[in-house]
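Thank you all for coming. I would like to walk you through one structure today, and I ask you to keep it in view while I talk.

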Amino acid sequence: MKINSVFYERVSQFSNYKGYNSINDFAKNGLGYNASEKLNRLKDEKNKPSFDIIADISNKFEDIDLNWLVTGRGEMLKQAAVNTVIQPVQQQKEERDIPVYELQKVINLGTLLKGQLPPAKHLTLPDLPKCDGAVYMRGDEMMPELHSGDLVVYKQVNNLRMHLGHMCLLALDLGGEETIMICYVEQADDRQQVKLVYSNKRYPPRDVPFDSISAAAVVKASVRYNTVT
């Protein structure tokens, strides 16, 4: 296995995989830096990455393998993240029967999260933490992480501030009309707002009032079916 010994090149490789146009794009839109100087200085191998940079990258992108990021050894992505975004499980979990809902038929996300809608079908997955349900991803906002048609498994949360930095299923109420979406939720510069971030860089991040989010769930896993005809 060839080991890439230059930290800057590994960051560049990962940013390209995530769909960013450049290190500058990755620094500003991926990590929320005001400028790319922190990363560009690492082109010189004599300059070592700070703990803050490593922490920022690992906190924003949970699928990156820290051993690879720091040392260049192993694979770029965590093995559990290649086909799923399941969060680390500390103990053996039982097989779970998860209700699957059609988002097109969901009028109110709060009603869905309370389990007050009949599911279209059920999905059984092993070794999952407790989940409330699953929906089909629609649209391309979260490409390449999520494709339209992927099943997204979620767990309702009551305090969204405790889950900033995670991918979430949200109900956004602006102007009296509810919009249901899947995106990353991060703290905005204004403490009364949150930043909605999409994996597909054709969709720029946007800040919305925190109180405009009427319901929320954390994405615990995703399932993709690859069919060959």
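Before I point to any residue in the sheet, let me say how I use the word pairing: two strands count as paired if DSSP finds at least two bridges between them. Please also keep in mind that this is a predicted model.

With that in hand, let us begin in strand 1, where Tyr101 has Val135 of strand 3 as its bridge partner. Strand 1, residues 96–101, and strand 3 are paired in the parallel sense, and two bridges hold that pairing. As general background, strands of a sheet pair through backbone hydrogen bonds, and they do this in either a parallel or an antiparallel way. The antiparallel kind appears on going from strand 3, residues 133–136, to strand 4, residues 151–156, since these two are joined by four bridges. Within that pairing, Gly133 is placed opposite Tyr154 of strand 4. Strand 4 also pairs with strand 9, residues 213–223, again antiparallel, and here there are six bridges; Val152 is the residue that faces Ser222 of strand 9.

Let me now step back to the whole sheet. In what order do the nine strands lie? The order is 2-1-3-4-9-5-6-7-8, in an open sheet with mixed pairing. The edges are formed by strand 2, residues 121–125, and strand 8, residues 206–209, and because each of these has a single partner strand, one side of each is left without a neighbour in the sheet. If direction is ignored, neighbouring strands of this sheet are turned against each other by 45 degrees on average.

For the chain as a whole, I would mention three numbers. The protein chain contains six helices and nine strands, and 43% of its 229 residues count as buried. Among contacts in the chain with a separation of 6 or more, 57% are between residues 24 or more positions apart.

Let me turn to the helices, and to helix 1 in particular, which spans residues 7–17. Which of its residues are buried? They are Phe7, Tyr8, Arg10, Val11, Phe14 and Ser15, and they lie on the same side of helix 1, because the arc they cover around the axis is only 160 degrees. The cover over these buried residues includes helix 2 (23–30), helix 3 (37–40), helix 4 (51–60) and helix 5 (66–71). Just after helix 1 comes Gly19, which has a positive phi of about 95 degrees.

One of the covering elements, helix 5, contains Val70, and this residue counts as partly exposed, with a relative accessibility of 44%. Not counting residues up to four places away in sequence, Val70 touches Arg10 and Ile54. The C-alpha atom of Val70 is separated by 8.8 Å from that of Pro49, although the two are 21 residues apart along the chain.

I come next to the aromatic rings, of which the structure holds seven pairs. One of these is Phe14 with Phe26, which is edge-to-face because the planes stand at 80 degrees, with the ring centres 6.5 Å apart. This pair links distant parts of the chain, with Phe14 in helix 1 and Phe26 in helix 2, twelve residues apart. Phe14 is buried at a relative accessible area of 1%, and Phe26 is buried as well, at 0%. Phe26 also pairs with Tyr20, with centres 5.2 Å apart and planes at 80 degrees, so this pair too is edge-to-face. Taken together, ring pairs link Phe14, Tyr17, Tyr20, Phe26 and Phe61 into a cluster.

Two further rings have a charged side chain over the face: Lys38 lies over Tyr33, at 4.5 Å from the ring centre, and Arg161 lies over Phe210, at 3.9 Å from the ring centre.

I will finish in the loop between strand 7, residues 193–197, and strand 8, where Ser199 is found. Is Ser199 buried or exposed? Ser199 is buried, because its relative accessible area of 6% falls under the cut-off of 20%. Leaving aside neighbours within four places in sequence, the residues in contact with Ser199 are Lys18, Glu141, Met142, Met143, Pro144, Glu145 and Tyr184.

Note on methods. Residues numbered from 1 in each chain as written. Predicted model: local features only at pLDDT ≥ 70, side-chain atom pairs only at ≥ 80, totals over all residues. Heavy atoms only, no water. Buried < 20%, exposed > 50% of the residue type's maximum accessible area, 1.4 Å probe, protein only. Arc of directions from axis to C-beta. Contact = heavy atoms within 4.5 Å. Phe/Tyr/Trp six-rings, centres within 6.5 Å; stacked < 30°, edge-to-face > 60°. Lys NZ or Arg CZ within 6 Å of the ring centre and 35° of its normal. Axes fitted to C-alpha atoms, helices over the stretch in contact; angles between N-to-C directions.
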